[in-house]
Amino acid sequence: MSVNSMRAVVQDRFGGPEVLRVAQVPRPTPLPTEVLVRVRAAGVNPVDWKTRAGGGMAGVLGEPPFVLGWDVSGVVEEVGFGVSTLRPGDEVFGMPWFPRAAGGYAEFVTAPARQFARKPAGLSHVQAAAVPLAALTAWQALVDTAGLRSGQRVLIHAAAGGVGHFAVQIAKHLGAEVIGTASSRRHDWLTGLGADRLVDYTTTRFEDVVTDVDVVLDLIGDEHDRTSTRSLETLRPGGLLVAVPSGVSPELFAAAEKHGVRASAFLVEPDGAALTRLAELVDAGAVAVEVEEVFGLAEAGRAHAHGETGRTRGKLVLDLSS
């Protein structure tokens with residue numbers, strides 16, 4: 001193996017999990033203000049398998065071949081000219097370049113130093129790799145977009161998923177009353193994370209039992225049983241729906257206006273400063289990380305197949321340590 005190459009999971013065409021394969025690709029070199037990070041673990045997210053199949057961020061990445069992955073945790077190997085915040089040997093985590101290609105399913109990545117933060121001291125690299133994209137989505141949606149504050153009520157759909165389980169904890173940390181939708185087998189766990197009330201979506205229509213909430217964080221979208229549109233009925237006048245996976249269609253926007261509420265689309269951004277804040281919350285015990293299953297780099301296809309079932313508790317992670 002050459003020092004100028006590395007292992008990575010590549011895909012040469014759009015398709016199912018079987019299109020993912022491990023190959024040798026050129027190792028990147030950091031430009032000024034960038035760092036080279038030796039990846040110890042990479043998180044697996046819904047946007048990954050959607051992009052693999054031709055949806056998600058495929059329009060940004062373009063036609064294959066490319067290397068998927070945006071969540072990484074690892075060790076700074078080299079720093080480019082002008083980097084002042086990190087040095088070789090620092091343990092870091094981040095969500096570099098999103099939505100542009102980051103190539104996280106690989107042994108090395110390069111990105112601007114300020115798109116990373118120091119890894120929470122209490123987490124392994126596998127645990128830390130589960131944090132960036134999901135926790136930043138929850139943080140930016142609830143804090144930056146919704147301005148959620150103490151005493152407000154928030155409804156979180158898919159509360160047991162990657163983004164959802166972080167959102168429950170962040171909302172509780174902010175002092176909100178937290179209502180979540182999840183199957184009953186996840187209720188005890190989510191209660192332990194801070195949820196005040198839970199609705200089993202398999203037996204109950206949430207709009208029949210939830211009313212007068214200030215914010216809805218919809219992590220499901222209208223493609224699945226019109227979840228976004230139905231959520232409008234749960235909001236108080238002037239309340240806000242933050243629609244993550246499918247955005248806000250003209251029809252949904254019009255429906256929100258008719259209900260006297262607001263609807264906002266959302267896309268997460270790289271944010272080293274917010275990651276530093278999240279790391280502090282993790283180390284303080286205010287936010288816990290749930291990793292359901294860990295896979296080897298060569299098992300990326302199997303990780304995608306598992307994720308696509310839509311029944312994951314927390315996150316899935318690729319371990320590159322071996």
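**Entry 1: the second largest pocket**

I began with the lining of the second largest pocket, where strand β7 (residues 108-112) has the largest share, 3 residues. This is a predicted model, and I keep that in mind for every entry here. The volume of this second largest pocket comes out at about 170 Å³. I listed its lining residues: M6, P28, E34, V67, W97, A101, A102, G103, A106, F108, V109 and T110. Sorted by class, they give 9 nonpolar, 2 polar and 1 charged.

**Entry 2: the loop before β7**

W97 is one of the lining residues of that pocket, so I looked up its backbone next. W97 sits in the loop between β6 and β7. Its phi is positive, about 70°, although W97 is not a glycine. I then found a cis peptide bond from F98 to P99, with omega near 5°. P99 belongs to the loop between β6 (91-94) and β7.

**Entry 3: another cis bond, and the sheet of 3 strands**

I noted a cis peptide bond from P64 to P65 as well, with omega near 10°. P65 is found in the loop between α2 (58-61) and β4. From there I followed β4 into its sheet. The sheet is open, has 3 strands in the order β2-β1-β4, and pairs in the antiparallel sense. Why do β2 and β4 each have one side without a neighbour in the sheet? β2 (20-26) and β4 (66-67) are the edge strands, each with a single partner, so one side of each is left free of a neighbour in the sheet. Strand β1 (residues 5-11) and β4 run antiparallel and are joined by 2 bridges. I checked one pair by residue: V10 has V67 in β4 as its bridge partner. V67 also turned up in my list for the second largest pocket.

**Entry 4: the sheet of 6 strands**

Next I traced an open sheet of 6 strands, in the order β11-β10-β9-β12-β13-β14, with parallel pairing. At its edges stand β11 (197-199) and β14 (262-265); each has a single partner strand, so one side of each has no neighbour in the sheet. I get an average twist of 15° from one strand to the next. Strand β10 (residues 177-181) runs parallel to β11, and 3 bridges join them. Within this pairing, G180 is opposite L198 in β11. I also looked at what packs on the sheet: α5 lies across β9 (153-156), β10 and β12 (213-218), and runs at about 175° to β9.

**Entry 5: β15 and β16**

I then turned to strand β15 (residues 291-296), which pairs with β16 in the parallel sense over 5 bridges. F295 is opposite L318 in β16. Which way does the crossover from β15 to β16 turn, and through which helix? The chain passes through helix α11 (residues 300-307), and the β-α-β crossover is right-handed.

**Entry 6: the largest pocket**

I saved the largest pocket for the end; it holds about 1,500 Å³ of space. Its lining has 50 residues, and the closest to the centre are P46, K50, A158, L219 and I220. The elements giving two or more residues to this lining are α1 (46-52), α4 (132-145), α5 (162-173), α8 (227-231) and β16 (315-319). Among these I recognise α5, which lies across β9, β10 and β12, and β16, the partner of β15. Which element gives the most? That is α1, with 4 residues. By class I have 23 nonpolar, 17 polar and 10 charged residues in the lining of the largest pocket.

How values were computed. Residues are numbered from 1 along each chain as its sequence is written. This is a predicted model: local features need pLDDT of at least 70, side-chain atom pairs count only at pLDDT 80 or more; totals for chains, interfaces and linings use all residues. Side-chain values use heavy atoms; hydrogens and water are left out. On a 1 Å grid over the protein atoms alone, a cavity is a set of points where a 1.4 Å probe fits but cannot get out, and a pocket is an open set with protein on both sides within 12 Å along at least five of seven lines; lining residues have an atom within 4 Å of a point. Grid points are joined across faces, edges and corners, and a volume is the space filled by probe spheres set on the points. Ala, Val, Leu, Ile, Met, Phe, Trp, Tyr, Cys and Pro count as nonpolar, Asp, Glu, Lys and Arg as charged, and the others, Gly among them, as polar. Two strands pair if DSSP finds at least two bridges between them. Axes are lines fitted to C-alpha atoms, for helices over the stretch in contact, and angles run from 0 to 180 degrees between N-to-C directions. Contact means heavy atoms within 4.5 Å. A crossover is right-handed if, with the strands pointing away from the viewer, the path from the first strand over the helix to the second runs clockwise.
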